[in-house]
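Please read this briefing beside the sequence and the coordinates. The topics are charged pairs, a pocket, a surface patch and one further position.

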Amino acid sequence: MDIIQIVGIGLIATFLALVVREQKPIFAFLITLFAGVMIFLFVVDELVKIIHLLEGIAKDANVHIMYLQTILKIIGIAYIAEFGAQIAKDAGQASMASKIELAGKILILVLAIPIIKAVIEMILSLLPG
């Protein structure tokens with residue numbers, strides 16, 4: 001049932017934004033932004049459930065919690081950067097959207113370095129010599 005509400009909010013916001021855009025483009029942008037935030041708020045509870053489930057799996061598998069936290073941060077950065085870039089594109093700022101995406105990719109790379117290092121060290125420890 002949640003997906004019907006989410007799609008409904010999205011379609012109503014899209015229709016309103018299209019109607020309002022010709023007269024008041026800033027209101028159309030605000031409608032789009034507000035709808036995006038509302039949709040995000042609908043799925044926050046589900047995201048929390050997923051995070052708790054992944055933490056439980058990590059504990060059962062004896063995976064260091066730092067790795068799971070890093071991966072969750074990377075996923076969060078990807079989603080937030082994508083959301084920000086889409087908002088910038090909706091506002092007609094494709095150049096700013098590209099910069100947001102680039103910043104997200106760089107931050108993801110920075111967070112991934114410890115994991116990459118650990119994987120390389122593990123591979124090297126398995127090699128003879």
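Glu 101 has a relative accessible area of 22%, and because the partly exposed class begins at 20%, Glu 101 is counted there rather than as buried. The model is a predicted one, and Glu 101 forms a salt bridge in it with Lys 89, the closest N and O atoms being 3.6 Å apart. This pair links distant parts of the chain, with Glu 101 in helix H4 and Lys 89 in helix H3 (residues 65–90), 12 residues apart.

**Salt bridges**

- The structure holds three salt bridges, and in the one between Glu 101 and Lys 89 the lysine is partly exposed, with a relative accessible area of 39%.
- Lys 49 forms a salt bridge with Glu 46, for which the closest N and O atoms are 3.5 Å apart.
- Because Lys 49 and Glu 46 are three residues apart in helix H2 (residues 25–60), about one helical turn separates them.
- Of this pair in helix H2, Lys 49 is exposed at a relative accessible area of 53%, whereas Glu 46 is partly exposed at 37%.
- Lys 117 forms a salt bridge with Glu 121, and here the closest N and O atoms are 3.9 Å apart, which lies within the 4 Å cut-off for a salt bridge.
- Lys 117 and Glu 121 both belong to helix H4, and since they are four residues apart, the separation is again about one helical turn.
- Lys 117 counts as exposed at 52% relative accessibility, while Glu 121, with a relative accessible area of 46%, is partly exposed.

**Largest pocket**

- The largest pocket has a volume of about 600 Å³, and its lining is made up of 21 residues.
- Which residues lie nearest the centre of the largest pocket? They are Phe 40, Leu 47, Gly 76, Tyr 79 and Ile 80.
- The elements that give two or more residues to this lining are H2 and H3, and the largest share, 11 residues, comes from H2.
- By residue class, the lining of the largest pocket divides into 15 nonpolar, four polar and two charged residues.

**Nonpolar surface patch**

- A nonpolar surface patch of about 790 Å² is made by Val 37, Phe 40, Leu 41, Leu 47, Ile 50, Leu 53, Leu 54, Ile 57 and Phe 83.
- Helix H2 contributes the largest share of the nonpolar patch, namely eight residues.
- Phe 83, a member of the patch, lies in helix H3 and is partly exposed, with a relative accessible area of 36%.
- Because a patch residue needs over 30% relative accessible area, the 36% of Phe 83 meets that condition.
- Phe 40 and Leu 47 are named both among the makers of the patch and among the residues that lie nearest the centre of the largest pocket.

**Ala 103**

- Ala 103 has its place in helix H4 (residues 94–126), the helix that also holds Glu 101 as well as Lys 117 and Glu 121.
- Is Ala 103 buried or partly exposed? With 37% relative accessibility, Ala 103 counts as partly exposed.
- Although Ala 103 and Ala 81 are 22 residues apart in sequence, the distance between them in space is 7.9 Å, C-alpha to C-alpha.

Notes:
Residues numbered from 1 in each chain as written. Predicted model: local features only at pLDDT ≥ 70, side-chain atom pairs only at ≥ 80, totals over all residues. Heavy atoms only, no water. Buried < 20%, exposed > 50% of the residue type's maximum accessible area, 1.4 Å probe, protein only. Salt bridge = Lys/Arg side-chain N within 4 Å of Asp/Glu carboxyl O. 1 Å grid on protein atoms, 1.4 Å probe; cavity = no way out; pocket = protein on both sides within 12 Å on 5 of 7 lines; lining within 4 Å. Points joined across faces, edges and corners; volume = space filled by probe spheres on them. Nonpolar A, V, L, I, M, F, W, Y, C, P; charged D, E, K, R; others polar. Patch = residues over 30% accessible without salt bridge, like charges linked within 9 Å, V, L, I, M, F, W, Y side chains within 5 Å. Areas by Shrake-Rupley, 256 points an atom, 1.4 Å probe, with all protein chains shown as cover.
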